[in-house]
Amino acid sequence: MERMTGGRAVAAALKAEGIEHVFGIVGTHNSPLFDGVLDEPSIHVVTVRHEQGASLMATGYARASGKIAACFVVPGPGLTNALTGIGMAYSESTALLVFGGQNMLAQLEHEGGHFHELANSVEVAGSVCGYSTRVSTPSDIPKVIRKAMRTMCCQRPRPAYIEIPLDVQSGEADVALLPPEPYSRPGGDPANIARAAKALKSAKRLFIFAGGGVVNAEASQPLARVAELLGAPVVTSVFGRGAISDWHPLALGDGWGRLNLYDELLTQADLALVVGSRIDVVSDWNLGARFPQRIVQVDIDPLVVGQRRPVEVGVIGDAALVLDTLAAELGGGEARPCWFDAAGFRRRKQAQMVERAGPVLKLVEDLRAAMPDDTIFVDDLTLVGYWMPLLLQTYRPRTLIHPGTYGTLGYSLPAAIGAKLACPKQPVVSISGDGGFLFTMQELATARAQNLDLVVLVFNDNALGAIRKYQDRMFGGRHIGSELTNPDFVKLGEAFWAKSVRVEPKELGAAVRHAHEASGLWLIEIPFAPEGPATMVPWMP
Ligand SMILES: Cc1ncc(C[n+]2csc(CCOP(=O)(O)OP(=O)(O)O)c2C)c(N)n1
Ligand SMILES: [Mg+2]
């Protein structure tokens with residue numbers, strides 16, 4: 001038991017939980033929190049330029065590394081600004097720990113016109129968090145942080161919100177810090193896993209659909225092992241990209257259903273093993289709706305199992321633990337040869353992509369060739385970005401970060417900054433359109449302040465291009481609100497001290513390679529308006 005302020009208790013508990021980064025903006029209502037971490041050299045504070053940047057940085061940080069970061073925001077506008085990134089994290093099944101300041105405890109009982117006042121803030125945050133609470137004494141802080149950590153680490157990861165009134169932040173109390181706890185996730189019911197193994201053995205032509213849960217659980221190795229034992233090709237969801245390396249002979253790539261690339265697989269398969277995927281309605285449903293009748297589903301979230309399609313066997317548990325046990329169950333027999341011509345499929349898919357994605361494919365291939373294999377690419381909602389999960393050869397988990405179904409413009413730059421801070425040894429490339437970039441471009445100042453090596457690409461078509469295409473298709477070309485008058489992006493980059501250039505699409509590979517080799521903060525504008533059929537936006541009706 002030690003006497004300390006609430007601010008110090010937060011810092012000490014964060015240190016004990018192994019949290020190394022705090023993203024945020026300081027104000028009067030969270031100053032004791034910031035002051036508390038001044039004395040913790042292991043905790044690095046990153047001042048952002050808008051709270052949306054803080055929460056998006058923390059999502060990129062977690063998706064690139066699996067580590068949890070904290071955010072410190074003031075109440076009212078600080079919290080509401082951060083909500084967009086917290087909503088993204090919720091939708092992406094990503095953990096981040098947000099601390100909100102608050103007025104004094106006694107001021108919270110009824111509306112009083114207090115500074116930053118926001119009614120029901122715990123419920124407001126709770127709508128995009130897996131856990132949301134307010135603490136009323138410094139003594140409770142370690143326990144509450146532990147509870148938040150357990151909800152994030154022992155089940156489907158979701159953001160957590162802890163609100164600390166000013167008098168609790170600055171008031172002193174006796175605080176008992178908690179010893180570290182090994183967080184564990186459920187391993188799945190062994191009898192159910194045995195049933196799943198039996199069902200899988202009875203199938204002749206099965207495939208695996210791997211989602212973000214495989215990435216979250218670091219389950220790439222057991223996934224590949226199970227796939228090899230079953231002779232099952234593996235399709236990934238957008239979130240599962242990299243869960244199996246594209247170098248693996250059983251990898252079929254990303255499963256954007258809209259392009260009907262997978263008909264050949266779906267019409268022949270007799271069972272789908274779905275691991276760590278909610279079968280997302282935006283990106284996977286066109287595929288999921290055509291999965292075979294027989295489905296075995298593994299997920300940490302009981303609500304996901306059987307949610308979209310009835311299952312023959314459902315196993316609730318961590319993907320790595322369940323797949324490990326499953327591999328042991330299956331291990332008695334020989335590895336089966338794959339029933340599906342995966343190499344032939346990949347060749348035919350590539351030929352289709354040349355036809356459908358033409359110039360975008362060339363550009364993505366140039367990007368891939370220009371950068372090392374461990375480069376982390378972070379997409380925004382932009383025409384090139386939509387194509388990335390389909391077209392980018394992805395060799396490792398956590399190296400292609402595509403925005404979640406929540407789908408906010410302005411995702412890429414802050415998420416890329418978070419990714420770089422979490423994984424400083426890996427190159428990071430941010431991919432935005434001219435529209436999305438201006439949502440969060442002020443975080444270039446954060447990248448510069450943190451001295452980050454970062455390559456920021458802005459594809460400029462002077463339009464909200466995806467929406468302009470939608471208007472072409474759905475409204476007979478009646479464009480409203482989708483044309484943009486832009487700043488000079490090179491001058492804008494230079495104003496933020498980024499080395500800034502404008503290059504033609506065919507020069508992109510060389511420009512990106514040069515930026516990577518030269519290091520530092522780079523902004524590369526590429527005038528590019530990809531043309532083509534409406535199916536270029538894979539989620540369009
Ligand atoms: C916060 C938010 N507002 C609006 C949208 C709707 N929206 C989706 S894509 C898009 C156009 C994006 O334009 P740009 O970033 O220039 O990329 P482009 O489509 O031109 O490649 C818009 C407005 C959104 N996804 N998020
Ligand atoms: Mg655009």
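In this predicted model, the residues lining the second largest cavity comprise 5 nonpolar, no polar and 2 charged. The lining consists of Ala 13, Ala 16, Glu 17, Pro 142, Arg 146, Leu 177 and Leu 178. Helix H1 (6–16) and helix H6 (141–153) are the elements that contribute two or more residues each to this lining. The space enclosed there amounts to about 50 Å³.

The second largest cavity is one of 2 cavities of 30 Å³ or more in the model. The largest cavity has a volume of about 380 Å³. Its lining is made up of 30 residues, and those nearest the centre are Ser 93, Gly 212, Gly 213, Asn 216 and Gly 276. Two or more lining residues come from each of helix H9 (212–216), strand E13 (295–299) and strand E16 (400–401). Helix H9 supplies the largest share, with 4 residues. In composition, the lining of the largest cavity divides into 9 nonpolar, 11 polar and 10 charged residues.

Strand E13, already met in the lining of the largest cavity, also belongs to an open sheet. This sheet has 6 strands, paired in parallel and arranged in the order E11-E10-E9-E12-E13-E14. Strand E11 (251–254) and strand E14 (313–316) occupy the edges; each has a single partner strand, so one side of each lacks a neighbour in the sheet. From one strand to the next, the twist averages 15°.

Within this sheet, the pairing of strand E9 (residues 206–210) with strand E10 (residues 234–236) can be followed at the level of residues. These two strands run in the parallel sense and are joined over 3 bridges. Ala 210 has Thr 236 of E10 as its bridge partner. Helix H8 (residues 190–202) lies across E9, strand E12 (271–275), E13 and E14. The direction of helix H8 makes an angle of about 140° with E14.

A further open sheet of 6 strands follows the order E3-E2-E4-E5-E7-E6, again with parallel pairing. Here the edge positions are held by strand E3 (44–47) and strand E6 (131–134); because each has a single partner strand, one side of each is left without a neighbour in the sheet. Neighbouring strands of this sheet are turned against each other by 20° on average, direction ignored.

Two pairings illustrate how the strands of this sheet are joined. Strand E4 (residues 70–73) and strand E5 (residues 97–102) run parallel and are connected by 4 bridges. Phe 72 finds its bridge partner in Phe 99 of E5. Helix H3 (residues 51–65) packs on the sheet, where it touches strand E2 (21–24), E3 and E4. The directions of helix H3 and strand E2 make an angle of about 150°.

Strand E2 also pairs with the edge strand E3: the two run parallel, joined by 4 bridges. Phe 23 is matched with Val 46 of E3 as its bridge partner. How are the two faces of E2 placed, buried or exposed? Both faces are covered: His 21 and Phe 23 on one side are buried, as are Val 22 and Gly 24 on the other. Phe 23 thus takes part in the bridging to E3 and is among the buried residues of E2.

Terms used. Residues are numbered from 1 along each chain as its sequence is written. Chains are lettered from A and ligands numbered from 1 in the order in which they are written. This is a predicted model: local features need pLDDT of at least 70, side-chain atom pairs count only at pLDDT 80 or more; totals for chains, interfaces and linings use all residues. Side-chain values use heavy atoms; hydrogens and water are left out. On a 1 Å grid over the protein atoms alone, a cavity is a set of points where a 1.4 Å probe fits but cannot get out, and a pocket is an open set with protein on both sides within 12 Å along at least five of seven lines; lining residues have an atom within 4 Å of a point. Grid points are joined across faces, edges and corners, and a volume is the space filled by probe spheres set on the points. Ala, Val, Leu, Ile, Met, Phe, Trp, Tyr, Cys and Pro count as nonpolar, Asp, Glu, Lys and Arg as charged, and the others, Gly among them, as polar. Two strands pair if DSSP finds at least two bridges between them. Axes are lines fitted to C-alpha atoms, for helices over the stretch in contact, and angles run from 0 to 180 degrees between N-to-C directions. Contact means heavy atoms within 4.5 Å. Buried means under 20% relative accessible area, exposed over 50%, partly exposed in between (1.4 Å probe, protein chains only).
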